[in-house]
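Student: I am new to this structure and would like a close look at a single part. Could you take me slowly through one stretch and the elements around it?

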Amino acid sequence: MKIKISKPGVDVLAATSPNDFYLNSDYPLLKIHSYGTFTHFTGGGNTVIYHNLGYKPYVIVFSQAIWWDSSLGDWIITNEYYQHDWTNLGATYWSWGNTYVYDDRIEISVGDTYSNKHFIHGFYYIFKEQV
Amino acid sequence: MNFVIKISKPGFDVLTAQNKDLSFSSELATHSIYQVLNVSNQPGSSQIIINHNLGYIPKVWVYFVDPNSSNSYRRVPFDDGSVVIDYYITTSKIEIYCNDFYNSNRVFNITVIIFNRSV
């Protein structure tokens, strides 16, 4: 037996494109294993979140971006959230937000090459699906 | 016949729950997976082309085996100054570009998840 729910305005019996459906049991849905927020200190070390799935799952992580403010001559924490992995590359200084996905955990690293003194906020989703 | 199917999260009354407290609603789009592919570039070539032929631009996620540790995966787009991986999506294909500026023969192992949804 198949279950299909088409988008509004689309006849479920006539629809053919995978993009016509809100639900189609022919295709698996993303399933969330865990999600949450984190605070990371850019002064060193990784933020570790354990999932204990025994394999490397799909993960998405966002964290506040760190930008160089030339008027202040310093890095600043912005209210913008960038999806990992991100890097702001400068001629001398970098900032970054990286996530490493392991069989039992994810490790999050956010930092910059200059000030290393910020607490940044972020959030993550870990899915059941295996990479 | 039009009707609505809703499944609430544990602890919420499905009849009164807001959308954020639902596990599923037939009124809301879902993330369903069209295809998962494991691909690699050829040594000396930075380009990988995947033909999906969906006729629209699908949502895509790309991961790759960390070049510094095969025990972990990283998310694309990626740029650490020496390794740069990026991708472009069209209505017919996905083009992935992977470069190691210090090793032009490097082979990258990449997982591509193509969703049914258009971007």
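**A loop and its sheet**

Tutor: Let us begin with Pro77(B), which is found in the loop between β6 (73–76) and β7 of chain B; strands, like helices, are DSSP runs numbered from the N terminus, a strand (E) having at least two residues and a helix (H or I) at least four. Before going further, note that this is a predicted model, in which local features need pLDDT of at least 70 and side-chain atom pairs count only at pLDDT 80 or more, while totals for chains, interfaces and linings use all residues. Residues are numbered from 1 along each chain as its sequence is written, and chains are lettered from A and ligands numbered from 1 in the order in which they are written.

The peptide bond that leads from Val76(B) into Pro77(B) is cis, and its omega is near 10°. Beyond this loop comes β7 (78–79) of chain B, which is an edge strand, pairing on one side only, as does the other edge strand, β4 (47–51) of chain B. Both belong to an open sheet of four strands in chain B, whose order is β4-β9-β8-β7 and whose pairing is antiparallel; two strands pair if DSSP finds at least two bridges between them. In general, the strands of a sheet pair through backbone hydrogen bonds, which may be parallel or antiparallel.

At the β4 edge, β4(B) runs antiparallel to strand β9 (residues 93–100) of chain B and is joined to it by five bridges. Within this part of the sheet, Ile48(B) has Ile96(B) of β9(B) as its bridge partner.

If you follow the chain on from β4, you come to Asn53(B), which lies in the loop between β4 and β5 (58–65) of chain B. Although Asn53(B) is a residue other than glycine, its phi is positive, near 55°. Asn53(B) counts as exposed because it has 7 C-beta neighbours inside 10 Å, where exposed means that 12 or fewer other C-beta atoms lie within 10 Å of a residue's own, buried means 20 or more, and partly exposed is in between, with C-beta atoms placed from the backbone.

Chain A offers a residue to set beside this one: Asn52(A) lies in the loop between β4 (47–50) and β5 (57–69) of chain A. Asn52(A) is not a glycine either, yet has a positive phi of about 55°, and it is exposed, with 9 other C-beta atoms within 10 Å.
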